[in-house]
Amino acid sequence: MIAIEAPYCTVAAPSVTLLTMSTVNELEPSRQKWDPNLYGARASFVHRMAGDLVELLAPKAGERVLDLGCGPGDLTTTLHGAGATVVGLDASPEMIATARARAGASGPSFVVGDGQSLPYDGEFDAVFSNAALHWMPRASDVARGVARALRPGGRFVAEFGGHGCVARVRAGVSEALQRRGEDPGAWLRWYFPNVAEYVAVLAAAGFDVRLAHLFDRPTPIDGDDGLATWLRTFLPPLEDELGADWPAFVREVEASCEPFLRQREPSGQGRWVLDYVRLRVVAGRP
Ligand code: BEZ
């Protein structure tokens, strides 16, 4: 039986033109390449805002946990600190090298691997994932691999971008790309499913879905250059592709987003607050 905790959807339909990201991805691999230094310096909000997801997992000493899409390993180390035996897996060799260097010999173990073809069989008590599944368009392969990796009775606790995530940013990027004759769908490849879609994916993989919650999570980004840095961090292949045109492109996206995503503070300073939407799930392997 599928039980969804209510309210499972708190998101009003945004009034901007949305690309149907969960369907444009098809099966192509992401063109993303990562700069762990930039990510560490300017994207620490990714793990800082996930403390309550760790609480939801409630790792126990002695449990075996897979951190799927671990990035530079901040939360992997948190789980390890709770006494769990943790494996952090990420597709980016650069991220894994950074995670290993930061964690040291007594930290968790880290492996380079594709979350869409997990090699594990009944090895984990829990699979945890924060801000990673939207980079994996083959969601059914991910869910089946996670189910296989868990022992019977094991749990899957995950949060990632949900339907409507960064809609204003995507609209601004799309318009700026279209003005350049580029196909936005070739660049904006995140998988942002809605509740019904993702619950169906989990159920088809054999999970009992215990919680599926789509919610707005406005995300402040430090600095006047916050949006520009976010674009560089999360769309670096596009920066390479546009070359000398990148600064003009960024200015166009900023102008399009400013009325919606730039907040004025009493001091007169502005700050970017991006329109993140998260999908959080808890599911059990029977
Ligand atoms: C994230 O890592 O949380 C994220 C990345 C790209 C778009 C939206 C969210």
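I took two strands to pair if DSSP finds at least two bridges between them. The model I examined is predicted.

**Entry 1. Strand β10 and its partners**

I began with the pairing of β10, residues 277-284. I found that β6 and β10 are antiparallel and are joined by eight bridges. Within this pairing, Leu-211 lies opposite Val-282 of β10. I then looked up β5, residues 150-161, and recorded seven bridges to β10, again in the antiparallel sense. Gly-161 has Arg-278 of β10 as its bridge partner.

I next asked how many residues of β10 are buried. The count is eight of its eight residues. One side carries Val-277, Leu-279, Val-281 and Ala-283, and the other carries Arg-278, Arg-280, Val-282 and Gly-284. Both faces are covered.

**Entry 2. Ala-212**

I located Ala-212 in strand β6, which spans residues 208-216. The C-alpha of Ala-212 is 4.5 Å from that of Val-281, although 69 residues separate the two in sequence. Is Ala-212 buried or exposed? Its relative accessibility is 1%, and the limit for buried is under 20%, so I entered Ala-212 as buried.

**Entry 3. The ligand site**

I listed the residues around the ligand: Ala-131, His-134, Trp-135, Cys-165, Val-166, Trp-190, Phe-192, Trp-230, Phe-234, Tyr-276 and Arg-278. I noted two polar approaches to ligand oxygen atoms. An N or O atom in the side chain of His-134 is 3.2 Å from a ligand oxygen, and a polar side-chain atom of Arg-278 is 3.1 Å from a ligand oxygen. The ligand taken alone exposes 260 Å², of which the protein buries 99%.

Arg-278 thus appears twice in my notes, as a residue surrounding the ligand and as the β10 partner of Gly-161.

**Entry 4. Positive phi values**

I checked Val-166, another residue around the ligand. Its phi is positive, about 40 degrees, and it is not a glycine. Val-166 sits in the loop between β5 and α8 (167-179). I classed Val-166 as buried because its relative accessibility is 2%.

Ala-58 also has a positive phi without being a glycine, with a value near 50 degrees. I placed Ala-58 in the loop between α4 (51-57) and β1 (64-68). Its relative accessibility is 36%, so I recorded Ala-58 as partly exposed.

Gly-83, just after α5, has a positive phi of about 100 degrees. In α5 itself, residues 74-81, I noted Asp-74, Leu-75, Thr-76 and Leu-79 as buried.

**Entry 5. Nonpolar cores**

Which members of the largest nonpolar core touch the most other members? Among its 65 residues, I found these to be Phe-156, Val-169, Tyr-198, Trp-230, Leu-231 and Phe-249. I followed Val-169 further, leaving out residues up to four places away in sequence. Val-169 touches Leu-227, Trp-230, Leu-231, Val-253, Cys-257, Leu-261, Leu-274 and Asp-275. Another core, of 14 residues, lies apart from the largest one and includes Ala-50, Leu-53, Leu-75 and Val-86. Leu-75 had already been entered as a buried residue of α5.

**Entry 6. Ser-92**

Last, I looked up Ser-92, which I found in the loop between β2 (85-90) and α6 (93-103). Its side chain reaches the backbone nitrogen of Met-95 at 3.0 Å. The relative accessible area of Ser-92 is 5%, so I entered this residue as buried.

Technical notes. Residues numbered from 1 in each chain as written. Predicted model: local features only at pLDDT ≥ 70, side-chain atom pairs only at ≥ 80, totals over all residues. Heavy atoms only, no water. Helix = DSSP H or I, 4+ residues; strand = E, 2+ residues; numbered from the N terminus. Buried < 20%, exposed > 50% of the residue type's maximum accessible area, 1.4 Å probe, protein only. Polar contact = N/O pair within 3.5 Å; in protein donor to acceptor, adjacent residues only side chain to side chain. Core = buried A, V, L, I, M, F, W, Y, C linked by side-chain atoms within 4.5 Å. Contact = heavy atoms within 4.5 Å. Near = heavy atom within 4 Å. Areas by Shrake-Rupley, 256 points an atom, 1.4 Å probe, with all protein chains shown as cover.
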